[in-house]
Amino acid sequence: MIFPTFPVWLAQSGATDGQLQVALALLSLVFTWALLLIVVAIAGRTRKARP
């Protein structure tokens, strides 16, 4: 690939700044949970709309 993926970038950033690595890991975890909750909410709404 032309650019490093997120896990590679996260590992490289952790080599220089540990706090940044922890912050990015927590942000990615929160983002993933929020995205999953949105998908579940949309899926639940469409399932209730169908007879």
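# Exercises on a two-helix chain

Leaving aside neighbours within four places in sequence, Ser13 touches Leu20 and Leu24. The model behind these exercises is a predicted one, so take each value as computed from it.

**Exercise 1. Find out where Ser13 lies and whether Ser13 is buried or exposed.**

Step 1: Look for the element that holds Ser13; that element is helix α1.
Step 2: Read the relative accessibility of Ser13, which is 9%.
Step 3: Compare this with the cut-off: buried means under 20% relative accessible area. Ser13 therefore counts as buried.
Step 4: Add the contacts. Apart from neighbours within four places in sequence, Leu20 and Leu24 are in contact with Ser13.

**Exercise 2. Describe the chain as a whole: how many helices and strands does it have, and what share of its residues is buried?**

Step 1: Count the elements; the protein chain has two helices and zero strands.
Step 2: Turn to burial. Of the 51 residues in the protein chain, 6% are buried.
Step 3: Turn to the surface. The accessible surface of the chain comes to about 4,700 Å², and carbon and sulfur atoms account for 74% of that surface.

**Exercise 3. Work out which residues form the aromatic pair and how their rings are arranged.**

Step 1: Note that the structure holds one aromatic pair. Its members are Phe6 and Trp9.
Step 2: Take the geometry: the ring centres lie 6.2 Å apart, with 40° between the planes.
Step 3: Classify the pair. Planes under 30 degrees apart count as stacked and over 60 as edge-to-face, so the rest are tilted; the pair of Phe6 and Trp9 is tilted.
Step 4: Place the two residues in the chain. Both belong to helix α1 (residues 6-16), and because Phe6 and Trp9 are three residues apart, about one helical turn separates them.
Step 5: Check exposure. Phe6 is partly exposed at 39% relative accessibility, and Trp9 is partly exposed at 40%.

**Exercise 4. Follow Val22: where does Val22 lie, and which surface patch does Val22 help to make?**

Step 1: Locate Val22 in helix α2 (residues 18-49).
Step 2: Read its relative accessible area, 51%. Exposed means over 50%, so Val22 counts as exposed.
Step 3: Name its partners. Val22, Leu26, Leu29, Trp33 and Leu37 make a nonpolar surface patch of about 550 Å².
Step 4: Finish with a distance. Leu10 is twelve residues from Val22 along the chain, and their C-alpha atoms are 9.1 Å apart.

Definitions and conventions. Residues are numbered from 1 along each chain as its sequence is written. This is a predicted model: local features need pLDDT of at least 70, side-chain atom pairs count only at pLDDT 80 or more; totals for chains, interfaces and linings use all residues. Side-chain values use heavy atoms; hydrogens and water are left out. Patches are made of residues with over 30% relative accessible area and no salt bridge: like charges are joined within 9 Å, nonpolar side chains (Val, Leu, Ile, Met, Phe, Trp, Tyr) within 5 Å. Accessible areas come from the Shrake-Rupley method with a 1.4 Å probe; for residues, only the protein chains shown count as cover. A salt bridge is a side-chain nitrogen of Lys or Arg within 4 Å of a carboxyl oxygen of Asp or Glu. Helices (H or I, at least four residues) and strands (E, at least two) are DSSP runs, numbered from the N terminus. Buried means under 20% relative accessible area, exposed over 50%, partly exposed in between (1.4 Å probe, protein chains only). Rings of Phe, Tyr and Trp (its six-membered ring) pair if their centres lie within 6.5 Å; planes under 30 degrees apart count as stacked, over 60 as edge-to-face and the rest as tilted. Contact means heavy atoms within 4.5 Å.
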